[in-house]
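Work through these exercises with the model open beside you. Try each task before you read its solution.

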Amino acid sequence: MGEVFDLQLINTAMRQSTPLILAALGGLMSERVGVVNIGLEGKILMGAFAGALGALFTGSPWIGLVCAILVGLTFALIHAVATQELRTDHIVSGVAINLLALGLSTYLFRQIIVPLEEQGKSSVVQGFAPIRVGWLSEVPILGALLTDQTWLVVFAFLLPIALWYLLRTTRWGLRVYAVGNDSVKSRTMGVPVKRLRYLGVLLSGAFAGMAGAFLTLASADQFRENMSAGRGFIALAALIFGRWHPIGAALAAFAFGFFEALQMRLQGQPLFGVQLPTDLLLMLPYLLTVIALMGFLGRMKPPSDLGN
Amino acid sequence: MDRKWLGQAVLGALIVLGVLSLLIVLSGQPLSVGYVKILQGALGWPPSETLTPLDAWDSVLHDMTLVLLTGLSVAVALQAGLFNIGAAGQLLMGAMVASWVGVQQGIPAPVHLPLTLGAGALAGALWGLIPALLKVWRGAHEVISTIMFNYIALYLTHWLVIEYLKDPAGDAPQTAPVLETAQLAPLGAFLSTTWGFVLAVAMALGFWLVLYRTVWGYELRATGANRDAAEAGGAPTRRRMMESMLLAGAFAGLAGAIEVCGASGRFFEGFPTDYGFDGIAVALLGANNPMLILLSAWVMSALRSGTYNLHSETGAPKEIAVIVQAVLILYVAAVYLRKQRVEGS
């Protein structure tokens, strides 16, 4: 069994789960203030595209990251205005945002990046370099886990702890909790509901944009059509699985990333003497979420004022 | 007709034309060329040297058959207050099962085709029923579960087609072509659009009758309008919700089966799922009314075929249709589907 389960597998799982964690926490920021966000997928895709484009034309992954975050914020702003000002149904707005992102990123990709490739120029971008671990590489376990990781991975694993602390202890965090559970009462008590909702939705855009940037600036070094490949929906599943809690959502996202890593590692190899089809492993996060929704793993209770 | 409604419709049309014009110009095409290519693809007019009007209409009616059914799928669920994002998965399951029934030997000719289509519809219906059961029994939100079931269907059908149902006569990841006894006939000598189109239109008309002329339809709409009030008024709302999702799945599954028994002739890796998502736009644009959905399905398919013609003749990206569709959904949702303002929120 040694050749399937080792620290390298965990190392890959950390990398695979980074965009899922970032996007799931983005979804958390939005849903905890009562705004349903099924547009994560689209924001990841646009973030991936903007990140690649920014890095391609400036040669700097940092500028790419900033572009990705800005585009994520823009798409989040559409969702915020649609749901808060125009009182559009949250799900319809999210569906439209996913479609818009798919159409726009593919359109712009074909108009900007494909012609470059046809001219024989490279569309590979300068991504983030792995962090230098130095003496840390000597530390058992931790050294092996951090080898070849970018700082975004470290950030994604620290973010849930930070958010958990902030949501628990700060005035902002308590207000978020209040708005998510009863926006009408919160308003009566003088909580600026709309401002908190805008902030939550915008944060979700920033995190989802970062998740997208990770795909092109720290994972694939190249944009490809529809490369988010359902990660926004897996992130949504992780959010439910983690019961709308930052640590829970991150753990669920890590578990789903682990399945991806395992699937990459197995590639047709038998596990415990059983040949597991790739498709079934890829299906696992969705299947587990359905089982969770059935209530076999305890009641999955969303913030009570979600979607209003 | 209501003046305000008319104004909003005109504004919507202007926004769509504005976005479309912008995208044509950004693709490096003059507006005159762009709109002529789109009209040629959508209506078969003005005359084109590369595309005959029959080809254009074939393409429009083929797409319309599918998005009409997925549009009805989304609409029947929405009429009962449920959001079916799962038409794509239900369509896949319908197509998969139909492709399996369609290759079975020894089924008499007059039975084989209806059996194949029925099996596809049934598979879609069962795939739609599970999220409905989760909703009614467990309170699980149908949007989340139908999204999950889309992905489960995607991987399940992919696994089946490469492992168990692959055409033994080749290496391609696809099923064997359905037998002749299970094929839908073309509508005419010149039109390759099949009788599936007629079936889809009949479904829309039949659904309209049931929805607006029967007690069942009344109860379904009452459930969607206000579940508590419907329950108090004696409507079995849980039953109606489950039945609406069964029907939603059946419509989408039938779309998949019609594609398998008609245009594509088999199930294959990468079977198109975007028709499922187009159904959401078609239903919203058609205000969930089967008659208006006939119209919106035609509009969406014409837009699709038109931009596809622009793409194949000038190289402009075909995603123009997707962008326009997204803008249209946002506009319709923001103008016509606004929620009632809750006091104090």
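**Exercise 1. A helix pair**

At what angle do helix 4 and helix 5 of chain B pack, and how far apart are their axes?

*Solution.* Keep in mind that this is a predicted model.

Step 1. Recall the usual description: two packed helices are described by the angle between their axes and the distance between the axes.

Step 2. Find helix 4 of chain B at residues 87-101 and helix 5 of chain B at residues 109-138. They pack at an angle of about 145 degrees, and their axes are 7 Å apart.

Step 3. Give the hand. The crossing of these two helices of chain B is right-handed.

Step 4. List some of the contact residues. On helix 4 of chain B they include B:Gly89, B:Met93 and B:Val97. On helix 5 of chain B they include B:Leu115, B:Ala119 and B:Trp127.

Step 5. Sort the contact residues by type. The contact has 8 nonpolar residues, 8 polar ones and no charged ones.

**Exercise 2. The interface**

Describe how chain A meets chain B.

*Solution.*

Step 1. Count the residues. In chain A, 44 residues are in contact with 46 residues of chain B.

Step 2. Give the size. The size of an interface is often given as the accessible area lost when the parts come together. Between chain A and chain B, about 4,200 Å² is buried. Carbon and sulfur atoms give 73% of that area.

Step 3. Name the top three contributors in chain A. A:Arg87, A:Tyr107 and A:Asp279 supply 18% of the area that chain A buries against chain B, more than any other three residues.

**Exercise 3. A cavity**

Which helix gives the most residues to the lining of the second largest cavity?

*Solution.*

Step 1. Count the cavities. The structure holds 2 of 30 Å³ or more. The second largest has about 30 Å³ of space.

Step 2. Look at the lining. Among its residues are A:Ala52, A:Phe109, A:Glu117 and A:Gln222. The lining divides into 6 nonpolar, 2 polar and 1 charged.

Step 3. Assign the helices. Helix 2 (40-58) and helix 4 (90-118) of chain A each supply at least two lining residues. Helix 4 of chain A gives the most, with 3 residues.

**Exercise 4. Unusual backbone**

Find one cis peptide bond and one positive phi.

*Solution.*

Step 1. Recall the rule: most residues other than glycine have a negative phi, and most peptide bonds are trans.

Step 2. Go to chain B. The bond from B:Trp45 to B:Pro46 is cis, with omega near 0 degrees. B:Pro46 sits in the loop between helix 2 (31-43) and helix 3 (53-79) of chain B.

Step 3. Go to chain A. A:Asp148 has a positive phi, near 65 degrees. A:Asp148 lies in the loop between helix 5 (142-146) and helix 6 (151-169) of chain A.

Technical notes:
Residues numbered from 1 in each chain as written. Chains lettered and ligands numbered in written order. Predicted model: local features only at pLDDT ≥ 70, side-chain atom pairs only at ≥ 80, totals over all residues. Heavy atoms only, no water. 1 Å grid on protein atoms, 1.4 Å probe; cavity = no way out; pocket = protein on both sides within 12 Å on 5 of 7 lines; lining within 4 Å. Points joined across faces, edges and corners; volume = space filled by probe spheres on them. Helix = DSSP H or I, 4+ residues; strand = E, 2+ residues; numbered from the N terminus. Nonpolar A, V, L, I, M, F, W, Y, C, P; charged D, E, K, R; others polar. Axes fitted to C-alpha atoms, helices over the stretch in contact; angles between N-to-C directions. Left-handed = near helix turned anticlockwise from the far one by under 90°. Contact = heavy atoms within 4.5 Å. Buried area = accessible area lost by both parts, 1.4 Å probe.
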